[in-house]
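Please look through the sequence and the structure shown here, and then read the report that follows with both of them at hand.

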Amino acid sequence: VSRDIDKATRRIFIPKTQTRLYRWPQPQPSRGYVLWLDFDLISITTLQTKAQNATPTTIVAADYFLEPNNFGPPYDRIEIDQSSTAVLESGDTAQRSISVAGSWGYRDDKRSAGTIDDAGGVSATDTKLVISNASLIDVGNTLLIQSEQIFVSDREFAARGTILLNMVGNLASDKATVTVTVDPSHGIVAGEVIRIDSEMMYVEAVSTNDLTVVRAYDGSVLASHTDNTAIHINRTLIIERGINGTTAATHADAVAIDVYEPPFDINKWCLAESIAAYLQEGAGWGRTIGQGDGAMEFGARDLGALRKTMIAQYQRVRLGVI
């Protein structure tokens with residue numbers, strides 16, 4: 001669904017690190033100091049002219065502007081500062097004369113999401129990552145750790161050292177028993193999911209060593225648990241390394257993690273399309289979803305209206321000079 005949204009809007013909402021090449025002069029008439037871009041640009045690492053030559057010319061950041069200045073990013077053109085001596089030039093031929101290396105996409109919004117909590121850090125080949133706070137990261141998120149983008153494809157539980165159940169007696173098999181006492185210095189926060197034996201519990205609140213939980217969470221089976229049983233937390237992420245043009249690297253323990261955040265309404269649209277597709281696939285793409293008394297007719301009118309609104313708001317206009 002995310003890729004479908006990218007195609008429908010002609011944008012990407014998670015930045016890519018990429019080098020894009022352009023003809024110069026551009027095929028249709030334009031001012032000789034303006035390079036029109038075929039893709040949203042967030043920032044430039046390197047701008048070169050005569051790029052296909054053996055010795056291309058690098059244009060320094062002080063000699064160009066990213067436009068529109070008042071609204072970007074995203075930027076749709078690069079303008080040479082006319083008070084500088086820099087110029088856009090073709091090389092041996094007009095083809096691939098301008099090289100723009102940088103970060104491409106709609107925008108670069110991120111939020112802080114804790115740190116690496118993996119003894120010894122992670123190597124460039126590790127496919128699992130332990131984090132400090134599972135409430136801040138979800139499956140499907142794209143992370144930025146230093147200069148590497150990482151995709152979270154799944155997560156799993158792991159015992160957290162010596163964090164044990166610390167009840168007076170056992171924890172009863174009762175959905176009304178929602179206070180779980182654990183050992184001190186546990187580090188568990190509200191919004192995380194813990195597992196005791198095979199029962200999962202959602203942590204709604206934390207007061208010192210007392211956790212207020214939702215029992216039998218996510219379809220797990222309600223059960224009783226013996227005091228001193230190990231507490232597992234779903235802080236181990238299954239990850240895909242070095243995505244979107246970045247390079248997998250080694251990261252030390254306690255390094256900060258950021259999560260990319262596309263616009264809220266784009267996220268809402270993505271969820272709506274995903275849920276609709278999930279339900280429709282389960283119904284064999286029929287008009288009725290569910291069975292028996294729970295059956296309901298599926299109508300896509302509201303989803304269609306949402307789709308139309310989002311495309312009208314976010315679709316990138318094709319530029320005629322590319």
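## Backbone, core and pockets

Pro-73 is found in the loop between strand E4 (64-67) and strand E5 (75-80), in a model that is predicted. The peptide bond that joins Gly-72 to Pro-73 is cis, with an omega of about -5 degrees. A cis peptide bond also joins Trp-24 and Pro-25, where omega is about -5 degrees, and Pro-25 belongs to the loop between strand E1 (16-22) and E2. As background, most peptide bonds are trans, and most residues other than glycine have a negative phi.

The sign of phi draws attention to two further places in the backbone. Lys-50, which is not a glycine, has a positive phi near 50 degrees, and this residue sits in the loop between E2 and strand E3 (57-59). Ala-216 is likewise not a glycine and has a positive phi of about 50 degrees; its place is the loop between strand E14 (210-214) and strand E15 (230-240). Is each of these residues buried, exposed or partly exposed? Lys-50 counts as partly exposed because its relative accessibility is 23%, whereas Ala-216 is buried, since its relative accessible area is 14% and buried means under 20%.

Turning to the interior, the largest nonpolar core holds 20 residues, and those with the most contacts inside this core are Leu-35, Ile-78 and Val-100. Two or more residues of the core come from each of strand E2 (34-49), strand E4 (64-67), strand E5 (75-80) and strand E6 (98-104), and E2 gives the most, with six residues. Once neighbours within four places in sequence are left aside, Ile-78 is in contact with several residues, including Leu-35, Leu-37, Leu-41, Ile-44, Phe-65 and Val-100.

Asn-141 offers another place to pause, in the loop between strand E8 (128-130) and strand E9 (142-145). This residue is buried because its relative accessible area is 17%, where the cut-off is under 20%. The side chain of Asn-141 reaches the backbone nitrogen of Asp-138 at 2.7 Å. Apart from neighbours within four places in sequence, Asn-141 is in contact with Arg-111, Leu-136, Ile-150, Phe-151, Val-152 and Val-259.

Asn-141 also appears in the account of the pockets, two of which are set side by side in the table.

| Pocket | Volume | Residues closest to the centre |
|---|---|---|
| Largest pocket | About 930 Å³ | Ser-2, Gly-140, Asn-141, Thr-142 and Asn-267 |
| Second largest pocket | About 240 Å³ | Arg-11, Asp-40, Pro-74, Asp-76 and Arg-316 |

The largest pocket is lined by 37 residues, which divide into 19 nonpolar, ten polar and eight charged. Helix H1 (2-9), strand E10 (148-164), strand E16 (256-260) and helix H2 (264-282) each supply at least two residues of this lining, and the largest share, five residues, comes from H2.

The second largest pocket is lined by 15 residues, and by class its lining has eight nonpolar, three polar and four charged residues. In this pocket E5 and helix H3 (301-314) each supply at least two residues of the lining. Strand E5 therefore enters this report in two ways, since it is among the elements that give two or more residues to the largest nonpolar core and also supplies at least two residues of the lining of the second largest pocket.

Note on methods: Residues are numbered from 1 along each chain as its sequence is written. This is a predicted model: local features need pLDDT of at least 70, side-chain atom pairs count only at pLDDT 80 or more; totals for chains, interfaces and linings use all residues. Side-chain values use heavy atoms; hydrogens and water are left out. A nonpolar core is a set of buried Ala, Val, Leu, Ile, Met, Phe, Trp, Tyr and Cys residues joined through side-chain atoms within 4.5 Å. Buried means under 20% relative accessible area, exposed over 50%, partly exposed in between (1.4 Å probe, protein chains only). Helices (H or I, at least four residues) and strands (E, at least two) are DSSP runs, numbered from the N terminus. Contact means heavy atoms within 4.5 Å. A polar contact is a pair of N or O atoms within 3.5 Å; within protein, one must be able to donate a hydrogen and the other to accept it, and residues adjacent in sequence count only if both atoms are side-chain atoms. On a 1 Å grid over the protein atoms alone, a cavity is a set of points where a 1.4 Å probe fits but cannot get out, and a pocket is an open set with protein on both sides within 12 Å along at least five of seven lines; lining residues have an atom within 4 Å of a point. Grid points are joined across faces, edges and corners, and a volume is the space filled by probe spheres set on the points. Ala, Val, Leu, Ile, Met, Phe, Trp, Tyr, Cys and Pro count as nonpolar, Asp, Glu, Lys and Arg as charged, and the others, Gly among them, as polar.
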